[in-house]
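Here's a quick briefing to read alongside the coordinates. It goes topic by topic, so feel free to jump around.

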Amino acid sequence: MKNYETVIVLTPLLSEEASKEVVAKFRKILTDNGAEIVHEDNWGLKKLAYPIQKKTTGYYTVTEFKASGELINKLEVEYKRDERVMRFLTIALDKHSVAYAERKRKGEFAPKAKKTEGEVA
């Protein structure tokens with residue numbers, strides 16, 4: 001099994017509850033087909049870089065998982081069939097990307113707190 005990361009952008013017309021249902025549907029497709037979900041991150045409603053279907057915002061969700069290559073085709077067909085998904089992107093992660101993602105989840109790249117006046121570095 002390889003490591004993958006997929007980002008989906010859902011239509012902003014969904015309620016937050018409906019967007020969670022869509023994400024749960026795709027999570028179920030992954031787990032029913034033997035994938036192991038490593039991490040999920042819901043970014044919420046974000047502004048798009050350019051309008052898609054005349055919409056300027058979308059719900060972003062990032063899922064990192066381990067799966068076989070055949071499952072990716074099936075997953076992407078399901079993304080294309082679901083009209084609530086405006087865009088998606090699935091990438092295979094190499095060992096460096098997996099290590100980076102683990103370090104990021106542990107908070108190693110968290111922004112440092114701003115120094116107050118009078119504090120010396």
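Helix 1 is the biggest giver to the lining of the largest cavity, with four residues. Keep in mind that this is a predicted model. The largest cavity comes to about 80 Å³, and a search of the whole structure turns up one cavity of 30 Å³ or more.

**The cavity**
- Its lining is made up of Thr-6, Ile-8, Val-23, Phe-26, Arg-27, Leu-30, Glu-40, Thr-61, Thr-63 and Tyr-79.
- Strand 1, helix 1 and strand 3 each chip in at least two residues of that lining.
- Two of the lining residues, Thr-6 and Thr-63, also face each other across strands, with Thr-63 sitting in strand 3.
- Ile-8, another residue of the cavity lining, has Phe-88 in strand 4 as its bridge partner.

**Helix 1**
- Helix 1 covers residues 16–32, which makes 17 residues, and reaches 24 Å from first C-alpha to last, close to the 24 Å expected at 1.5 Å a residue.
- Its buried residues are Ala-18, Ser-19, Val-22, Val-23, Phe-26, Ile-29 and Leu-30.
- These cover an arc of only 145° around the axis, so they end up on the same side of helix 1.
- What do they pack against? The partners are strand 1, strand 2 (36–52), strand 3, helix 2 and strand 4.
- Flip to the face turned away from the buried side and you find the exposed residues Glu-17, Glu-21 and Asp-32.
- After helix 1 comes Gly-34, with a positive phi near 85°.

**Helix 2**
- Here the buried residues are Leu-71, Ile-72, Leu-75, Glu-78 and Tyr-79.
- Looking down the axis of helix 2, the buried residues fall within an arc of 125°, so they line one face of the helix.
- They pack against strand 1, helix 1, strand 3 and strand 4.
- The face turned away from that buried side carries exposed Glu-70, Asn-73, Lys-80 and Arg-81.
- Tyr-79 is worth a second look, being buried in helix 2 and part of the lining of the largest cavity.

**Strand pairing**
- Strand 1 (residues 2–10) runs antiparallel to strand 3, and nine bridges join the two.
- Strand 1 also pairs with strand 4 (residues 85–93), again in the antiparallel sense, over eight bridges.

**The loop residue Ser-68**
- Ser-68 sits in the loop between strand 3 (55–67) and helix 2 (69–81).
- Buried or exposed? Ser-68 has a relative accessible area of 29%, so it counts as partly exposed, given that buried means under 20% and exposed over 50%.
- Setting aside neighbours within four places in sequence, Ser-68 is in contact with Met-1 and Tyr-4.
- Ala-101 is 33 residues from Ser-68 in sequence, and their C-alpha atoms are 20 Å apart in space.

**The largest pocket**
- The largest pocket has a volume of about 330 Å³.
- It is lined by 16 residues, and those closest to its centre are Glu-5, Val-62, Glu-64, Ala-101 and Lys-104.
- Strand 1, strand 2, strand 3, strand 4 and helix 3 (95–105) each supply at least two residues of the lining of this pocket.
- Which element gives the most to the lining of the largest pocket? That's helix 3, with five residues.

How values were computed
Residues are numbered from 1 along each chain as its sequence is written. This is a predicted model: local features need pLDDT of at least 70, side-chain atom pairs count only at pLDDT 80 or more; totals for chains, interfaces and linings use all residues. Side-chain values use heavy atoms; hydrogens and water are left out. Buried means under 20% relative accessible area, exposed over 50%, partly exposed in between (1.4 Å probe, protein chains only). Contact means heavy atoms within 4.5 Å. Two strands pair if DSSP finds at least two bridges between them. The expected span of a helix is 1.5 Å times one less than its number of residues. The arc is that of the directions from the helix axis to the C-beta atoms. On a 1 Å grid over the protein atoms alone, a cavity is a set of points where a 1.4 Å probe fits but cannot get out, and a pocket is an open set with protein on both sides within 12 Å along at least five of seven lines; lining residues have an atom within 4 Å of a point. Grid points are joined across faces, edges and corners, and a volume is the space filled by probe spheres set on the points.
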